[in-house]
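Let's take a walk through this structure together, one region at a time. Please have the sequence and the 3D view open as you read.

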Amino acid sequence: MTETRDFGLLEEEVRRFRDDRDWRKFHTPKDLAASIAIEAAELLEHFQWRTDEETRADLADPAKRDAVAREMADVLILLVSAADVVGVDLHAATLAKIAENARKYP
């Protein structure tokens, strides 16, 4: 994948990775939602029982920050996969939600 911040290209890369492995048949909305929750819990484990000071120190360590980044990436990959399966334009839905939140919390 080229180094870019284009969300559409990210979506394509996630789809290509999945399809190259013939995993689409396993990607049901329920299973993807469960996987998102599981990966989010794995992300949370990095912060559980840690004070803010301990968390800042942890994230200053490149290896620990990289472990957190990998968990975040797992969540995003699964979320992009779920949006693809459900037929949600995640980019548009996110922008709409930001606008909704701006109205709700001016």
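The paragraphs below go from a helix pair to a buried residue, then to some rings and loops.

Keep in mind throughout that this is a predicted model. A good place to begin is the packing of two helices. Two packed helices are described by the angle between their axes and by the distance between those axes. Here the pair is α2, which covers residues 29-45, and α4; their axes lie 9 Å apart and meet at an angle of about 165°. Since angles over 145 degrees count as roughly antiparallel, α2 is therefore roughly antiparallel to α4. The contact draws on many side chains: on the α2 side they include Leu-32, Ile-36, Ala-40 and Leu-43, while α4 contributes, among others, Met-72, Val-75, Leu-79 and Ser-81. As for handedness, α2 passes α4 in a left-handed crossing.

Ser-81 deserves a closer look. Where does Ser-81 sit? Its place is in helix α4, which spans residues 62-86. Is Ser-81 buried or exposed? Ser-81 has a relative accessible area of 4%, so it counts as buried. Leaving aside residues up to four places away in sequence, Ser-81 touches Val-14, His-27 and Leu-32. Of these, Leu-32 also belongs to the α2 side of the helix contact.

Now move to helix α1, made of residues 7-20, where you will find Arg-15. Arg-15 is partly exposed, because its relative accessible area is 28%. Try locating Ile-77 as well: 62 residues separate Arg-15 and Ile-77 in sequence, yet their C-alpha atoms are 9.4 Å apart in space.

Next come the rings. The structure holds one aromatic pair. Its members are Phe-17 and Trp-23, arranged edge-to-face, with 5.6 Å from centre to centre and 75° between the planes. Phe-17 counts as partly exposed because its relative accessibility is 40%, and Trp-23, at 38%, is likewise partly exposed. Phe-17 has a further partner, as Arg-21 lies over the face of its ring, at 3.5 Å from the ring centre.

To finish, turn to two loop residues and their backbone angles. Asp-22 lies in the loop between α1 and α2, and its phi is near 55°, a positive value in a residue other than glycine. With a relative accessible area of 47%, Asp-22 is partly exposed. Trp-49 is found in the loop between α2 and α3. Phi of Trp-49 is positive too, near 65°, and again the residue is not a glycine. Trp-49 has a relative accessible area of 76%, so it counts as exposed.

Conventions. Residues numbered from 1 in each chain as written. Predicted model: local features only at pLDDT ≥ 70, side-chain atom pairs only at ≥ 80, totals over all residues. Heavy atoms only, no water. Phe/Tyr/Trp six-rings, centres within 6.5 Å; stacked < 30°, edge-to-face > 60°. Buried < 20%, exposed > 50% of the residue type's maximum accessible area, 1.4 Å probe, protein only. Lys NZ or Arg CZ within 6 Å of the ring centre and 35° of its normal. Helix = DSSP H or I, 4+ residues; strand = E, 2+ residues; numbered from the N terminus. Contact = heavy atoms within 4.5 Å. Axes fitted to C-alpha atoms, helices over the stretch in contact; angles between N-to-C directions. Parallel < 35°, antiparallel > 145°, perpendicular 65-115°, else oblique. Left-handed = near helix turned anticlockwise from the far one by under 90°.
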